Amino acid sequence: MPAEWEPHDATWLAWPHNRQDWPGKLASIHWAYVEIVRHLCRRELVRVIVESSRHEERIHRMLEQARVDLSRVAFHRVATDRSWLRDSGPIFVTNGSDVEAVCWRFNAWARYSNWSRDEKVADRIARLAGVRAWRPSCAGRRVVLEGGSVDVNGRGTLLTTEECLLGEKQQRNPGLNKGQVEEILGDYLNVRRVVWLAKGIAGDDTGGHVDAVARFVGPRTVVAAVEPDRGDPNHAPLKQNLQRLRAAKDQDGRRLDVVELPMPRPLYFERYRLPASYANFYIANGLVLVPTFNDPNDRVALDVFGKLFPDREVVGIHSVDLAWGFGTIHCCTQQQPAAE
């Protein structure tokens with residue numbers, strides 16, 4: 001599995017249509033997606049999954065209105081339940097000359113009941129991309145895994161959380177132990193070292209996805225979310241994760257360089273804490289899209305990424321409304337790496 005900063009052929013998105021995911025906010029979510037596509041298509045092909053021809057026509061008009069270069073946008077009609085393609089879509093892998101797709105089983109984070117369409121999305125994308133599909137299994141059962149639960153440096157080291165892949169409450173792969181999970185990750189993503197963090201952030205309905213906690217930004221460099229407020233429920237778990245990262249080693253036995261990333265102030269929808277985190281950024285060709293939250297730490301986070309990616313444009317994407325759907329930019333994107 002290549003690192004996210006390695007060259008892409010395309011970014012995949014699924015256009016939002018489930019009103020229950022963003023109560024009263026779906027119209028503003030569409031314009032947030034327009035802004036994401038507007039920036040991405042200047043750097044790479046954007047492949048957009050839509051529900052129908054009428055759906056495609058409406059999106060086409062919105063993109064035209066925003067003066068998006070439509071020659072850099074490809075539409076594909078695929079039925080979906082939700083738009084979080086990071087998790088329902090495949091993870092693309094490459095051996096240098098060929099790109100292939102690892103199509104994990106998807107069960108809506110073992111949380112929602114409507115996921116029959118999303119379970120088929122990974123296979124459909126693999127066919128549309130014209131690549132071979134792998135379907136991991138263990139002990140006669142398909143393996144459940146979401147793209148947001150793992151992050152790699154492209155050299156053989158992977159970040160994940162125990163809460164997500166081993167937690168008893170998640171019911172993704174009952175009965176699999178840590179050794180079996182590491183073997184599966186090694187077989188299908190060519191991982192030689194797994195760095196196990198403890199937990200995800202408060203409000204994350206995925207049950208501990210690492211892409212809201214800590215991410216690789218270089219072969220040995222990791223950004224890690226921190227929360228200094230001792231009264232915040234994120235303080236203790238993020239402190240524990242930071243300690244584990246500082247003690248961790250990469251595939252070659254070298255210590256990681258850990259850069260602290262602030263958290264925004266807590267966001268709520270009604271009584272629910274939302275999983276707002278700057279760690280949910282997305283790296284594209286020559287570009288880094290960073291979620292922002294009308295927060296004083298927006299500027300701090302953007303400055304951190306500007307220093308980490310001096311050769312890429314760093315762009316903030318207003319994500320308060322996106323977070324109401326319990327995810328932001330990384331959750332809705334999936335990269336297709338380029339073959340060498």
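Visitor: What does accessible surface mean for this protein, and how much of it belongs to carbon and sulfur atoms?

Guide: Accessible areas come from the Shrake-Rupley method with a 1.4 Å probe. For this predicted model, the accessible surface comes to about 14200 Å², and carbon and sulfur atoms hold 44% of that.

Visitor: What makes the protein as compact as a globular protein of its length?

Guide: The protein has ten helices and 20 strands. Its radius of gyration is 19 Å, and the globule rule gives 20 Å for 340 residues; the two values are close, so the protein is as compact as a globular protein of that length. Taken along the principal axes, the box filled by the C-alpha atoms is roughly 50 × 50 × 40 Å.

Visitor: What share of the residues counts as buried, and what does a residue need to be called that?

Guide: A buried residue has under 20% relative accessible area. Of the 340 residues, 59% count as buried.

Visitor: Why is Phe326 called partly exposed?

Guide: Partly exposed lies between the buried limit of under 20% and the exposed limit of over 50%. Phe326 has 22% relative accessibility, so Phe326 counts as partly exposed. This residue sits in the loop between helix 9 (320-323) and helix 10 (329-332). Its phi is near 70°, a positive value in a residue other than glycine.

Visitor: And why is Ala110 called partly exposed?

Guide: The relative accessible area of Ala110 is 37%, so Ala110 is partly exposed by those limits. Ala110 belongs to the loop between strand 5 (99-102) and helix 4 (121-129). Phi of Ala110 is also positive, near 55°, and the residue is other than glycine.

Visitor: How do you know that strand 1 and strand 20 pair?

Guide: Pairing needs at least two bridges between two strands. Strand 1 (residues 8-14) and strand 20 have four bridges, in the antiparallel sense, so by that cut-off they pair. In strand 20, Pro337 is the bridge partner of His8.

Visitor: Which way do the residues of strand 20 point, and are they buried or exposed?

Guide: From strand 20 (residues 334-337), Gln334 and Gln336 point one way, while Gln335 and Pro337 point the other way. All of them are buried.

Visitor: How far apart are the centres of the positive and negative side chains?

Guide: The centres of the two sets lie 1 Å apart, with 46 positive and 44 negative side chains in the protein.

Visitor: What share of the contacts with a separation of 6 or more joins residues 24 or more positions apart?

Guide: Such residues account for 76% of those contacts, where a contact means heavy atoms within 4.5 Å.

Conventions:
Residues numbered from 1 in each chain as written. Predicted model: local features only at pLDDT ≥ 70, side-chain atom pairs only at ≥ 80, totals over all residues. Heavy atoms only, no water. Buried < 20%, exposed > 50% of the residue type's maximum accessible area, 1.4 Å probe, protein only. Helix = DSSP H or I, 4+ residues; strand = E, 2+ residues; numbered from the N terminus. Rg over C-alpha atoms; globule rule 2.2 N^0.38 Å. Lys, Arg positive; Asp, Glu negative; His and termini not counted. Charge placed at Lys NZ, Arg CZ, Asp CG, Glu CD.
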